[in-house]
Amino acid sequence: ERLVGVCADGAPSMVGCRSGFKAFMKDVAPHVSFTHCMIHCHALAMKTLPPGLREVLSDVVKIVNHIQGSTTNSRIFKATCEEMGADFTVLLFRTEVRWLSRGKVLNRVIQPHEEIALFLERGCTKKENQLHEKMQDELFVMKVAYLADFFAEVNALILSAQGN
């Protein structure tokens with residue numbers, strides 16, 4: 001009688017019309033309304049990024065993984081950042097960037113983007129040369145900044161909805 005609504009993550013066991021929790025609740029309390037969890041709605045929305053922005057996000061993950069995936073690269077990058085007086089000397093390591101931490105990873109890339117470009121400039125490999133070209137591209141850097149701001153706002157909204 002007191003229950004007004006239920007919010008679920010969309011798992012079949014929760015929202016199944018015939019055998020899930022939703023079906024059980026509709027039998028017990030037919031007046032209850034069901035909604036999809038706001039946090040999961042945002043996670044699903046992130047999967048529908050336009051292809052150009054999705055490619056930028058993928059390239060950022062490649063850059064971070066290239067730098068943090070090798071201890072030698074990590075040390076050289078740290079030394080480069082220290083020489084340049086950067087606020088961050090370590091990038092957040094993500095092989096598969098989850099939606100909640102994307103904003104943090106992107107911020108950690110956009111703030112020292114000059115240091116990253118300098119690190120990649122040494123270009124010992126074709127991959128490093130390609131990544132360096134991206135970090136030198138003003139439009140690419142603007143897209144990374146846009147995504148960093150976008151995901152930071154989404155993260156703030158989600159954390160406020162959680163009460164944190």
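Lys-62 is partly exposed, with a relative accessible area of 43%, and I start there because this residue, in what is a predicted model, leads us to a small network of charges. Lys-62 forms a salt bridge with Asp-59, where the closest N and O atoms are 3.9 Å apart, and since a salt bridge is counted within 4 Å, that distance falls inside the cut-off. The two residues both lie in helix α4, three residues apart, or about one turn of the helix.

Asp-59, for its part, counts as buried, at 6% relative accessibility. Its side chain also meets that of Lys-134 in a salt bridge, at 3.2 Å from N to O. Here Asp-59 lies in helix α4 whereas Lys-134 lies in helix α8, so this pair ties together parts that are 75 residues apart in sequence. Lys-134 counts as partly exposed, at 27% relative accessibility. Through shared partners, the salt bridges join Asp-59, Lys-62 and Lys-134 into one network, and a search of the whole structure finds two salt bridges.

Staying in helix α4, we also find His-66 there, and with a relative accessibility of 13% it counts as buried. What is His-66 in contact with, if we leave aside its neighbours within four places in sequence? The list comprises Asn-73, Phe-119, Leu-120, Lys-127, Glu-128 and Leu-131.

One of those contacts, Asn-73, takes us to helix α5, where Asn-73, Ser-74, Phe-77, Thr-80 and Cys-81 are buried. These residues cover an arc of only 130 degrees around the axis, which puts them on the same side of α5. On the other side of α5, Thr-71, Arg-75 and Glu-83 are exposed. As for what the buried residues pack against, the partners are α4, which runs over 51-68, together with α7 and α8, the last of these being 126-136.

The geometry of α5 can be checked against expectation: at 1.5 Å a residue, its 14 residues should span 20 Å, and the end C-alpha atoms are indeed 20 Å apart, which agrees. At the start of α5, a side-chain oxygen of Ser-70 reaches to within 3.3 Å of the backbone nitrogen of Thr-72, and just after the helix Gly-85 takes a positive phi of about 70 degrees.

Let me turn to the aromatic rings, for which the count comes to three aromatic pairs. Phe-77 and Phe-119 form one that is edge-to-face, with 5.9 Å from centre to centre and 85 degrees between the planes. This pair links distant parts of the chain, with Phe-77 in helix α5, residues 71-84, and Phe-119 in helix α7, residues 113-121, 42 residues apart. Phe-77 is buried, with a relative accessible area of 1%, and Phe-119 is buried as well, with a relative accessible area of 2%.

For Tyr-146 and Phe-150, the ring centres are 6.3 Å apart and the planes are at 15 degrees, so the pair is stacked. Both residues lie in helix α9, residues 138-162, four residues apart, which is about one turn of the helix. Are these two rings buried, partly exposed or exposed? Tyr-146 counts as partly exposed at 47% relative accessibility, and Phe-150 likewise counts as partly exposed, at 31%. Finally, Tyr-146 and Phe-150 form one aromatic cluster together with Phe-151.

Methods
Residues numbered from 1 in each chain as written. Predicted model: local features only at pLDDT ≥ 70, side-chain atom pairs only at ≥ 80, totals over all residues. Heavy atoms only, no water. Phe/Tyr/Trp six-rings, centres within 6.5 Å; stacked < 30°, edge-to-face > 60°. Buried < 20%, exposed > 50% of the residue type's maximum accessible area, 1.4 Å probe, protein only. Expected span 1.5 Å × (residues − 1). Arc of directions from axis to C-beta. Contact = heavy atoms within 4.5 Å. Polar contact = N/O pair within 3.5 Å; in protein donor to acceptor, adjacent residues only side chain to side chain.
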